[in-house]
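Here is a short briefing on one predicted model. It covers a helix residue, a sheet and a pocket.

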Amino acid sequence: MRIVMLGAPGSGKGTQAKRLEAAFGFPQISTGDLLRQAVADETDLGIRAKAAMDAGDLVSDDIVLGMIKDRIAKDDARNGFILDGYPRNRQQAEDLGDVFEDAGIELDVAVLMDVATDVLMKRLTGRRTCSQTGKLLNIYFSPQEDLDECVNNGGELLQRKDDNEKTIGNRLQVYERETAPLIAYYRDSDLLKTVSAEGPVDAVYASLVATLGLG
Ligand code: AMP
């Protein structure tokens with residue numbers, strides 16, 4: 001299955017895409033993760049992308065298109081993948097359509113993870129990653145025992161550099177302006193499905209699986 005996950009920053013795209021990957025084997029392809037890795041490795045691309053990422057702006061369409069093309073061409077993506085954080089504007093959606101056409105493949109579904117804006121703010125400011133396990137946690141929503149487990153095992157609860165209030169505000173505005181119009185774009189092509197993504201992670205996952213017809 002080839003899936004585009006749509007949704008605001010903090011809507012749970014990454015968390016849910018990782019679970020789908022674990023359960024069904026389609027790799028999660030996150031342009032945000034690929035870019036953060038490039039920044040950490042200080043590659044040319046990472047150096048070019050860093051300022052936009054720190055400000056919560058979009059990195060140039062050409063940079064992310066190149067990354068997506070390379071990643072989709074890998075062996076593990078042959079039978080399907082989950083795009084998490086791509087496309088993020090109209091140009092990227094059209095670029096993706098061209099990539100699919102050239103490869104002779106089709107998108108099965110664009111699934112919107114629907115969350116109210118006030119919930120997003122708490123999800124983003126509270127978001128942490130365990131330095132040891134890579135597990136995504138939230139200081140407001142995760143069970144205390146999960147947070148303690150990370151720290152007691154010598155891990156640290158790391159906060160993403162762009163998860164501060166100023167950058168978050170900009171990222172949400174960029175989402176509304178650039179990315180939200182893709183909801184109509186995919187609805188017009190009859191590819192859109194919507195999942196209410198406000199409840200606990202397990203409940204959202206169950207409804208995502210059912211919506212995708214994978215249950
Ligand atoms: P994310 O982890 O998806 O929230 O992405 C983190 C940051 O990486 C974003 O705020 C952007 O600066 C950049 N980014 C991720 N995906 C894209 C994309 N498809 N187009 C442009 N910039 C992106």
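**Ala-184 and its surroundings**

Ala-184 is partly exposed, because its relative accessible area of 35% falls between the 20% limit for buried and the 50% limit for exposed. The residue sits in helix α9. This helix links the topics below: α9 packs on the sheet, and α9 also gives two or more residues to the lining of the second largest pocket.

**Ala-184 in sequence and space**
- Ala-184 and Val-59 are 125 residues apart in sequence.
- Their C-alpha atoms lie 23 Å apart in space.

**The sheet**
- Five strands form an open sheet in the order β2-β3-β1-β4-β8, with parallel pairing.
- β2 (28-30) and β8 (192-196) are the edge strands, and each pairs on one side only.
- From one strand to the next, the twist averages 25°.
- Strands β1 (residues 2-6) and β4 (residues 109-114) run parallel and are joined by 4 bridges.
- Within this pair, Leu-6 stands opposite Leu-112 in β4.
- Helix α9 touches β1, β4 and β8. Its direction makes about 145° with that of β1.

**The second largest pocket**
- The second largest pocket holds about 180 Å³ of space.
- Two elements, α5 (90-103) and α9 (181-188), each give two or more residues to its lining.
- The largest share, 5 residues, comes from α5.
- Lining residues include Phe-100, Glu-101, Glu-106, Tyr-185, Tyr-186 and Leu-191.
- By class, the lining divides into 8 nonpolar, 2 polar and 2 charged residues.

Definitions and conventions: Residues are numbered from 1 along each chain as its sequence is written. This is a predicted model: local features need pLDDT of at least 70, side-chain atom pairs count only at pLDDT 80 or more; totals for chains, interfaces and linings use all residues. Side-chain values use heavy atoms; hydrogens and water are left out. On a 1 Å grid over the protein atoms alone, a cavity is a set of points where a 1.4 Å probe fits but cannot get out, and a pocket is an open set with protein on both sides within 12 Å along at least five of seven lines; lining residues have an atom within 4 Å of a point. Grid points are joined across faces, edges and corners, and a volume is the space filled by probe spheres set on the points. Ala, Val, Leu, Ile, Met, Phe, Trp, Tyr, Cys and Pro count as nonpolar, Asp, Glu, Lys and Arg as charged, and the others, Gly among them, as polar. Buried means under 20% relative accessible area, exposed over 50%, partly exposed in between (1.4 Å probe, protein chains only). Two strands pair if DSSP finds at least two bridges between them. Axes are lines fitted to C-alpha atoms, for helices over the stretch in contact, and angles run from 0 to 180 degrees between N-to-C directions. Contact means heavy atoms within 4.5 Å.
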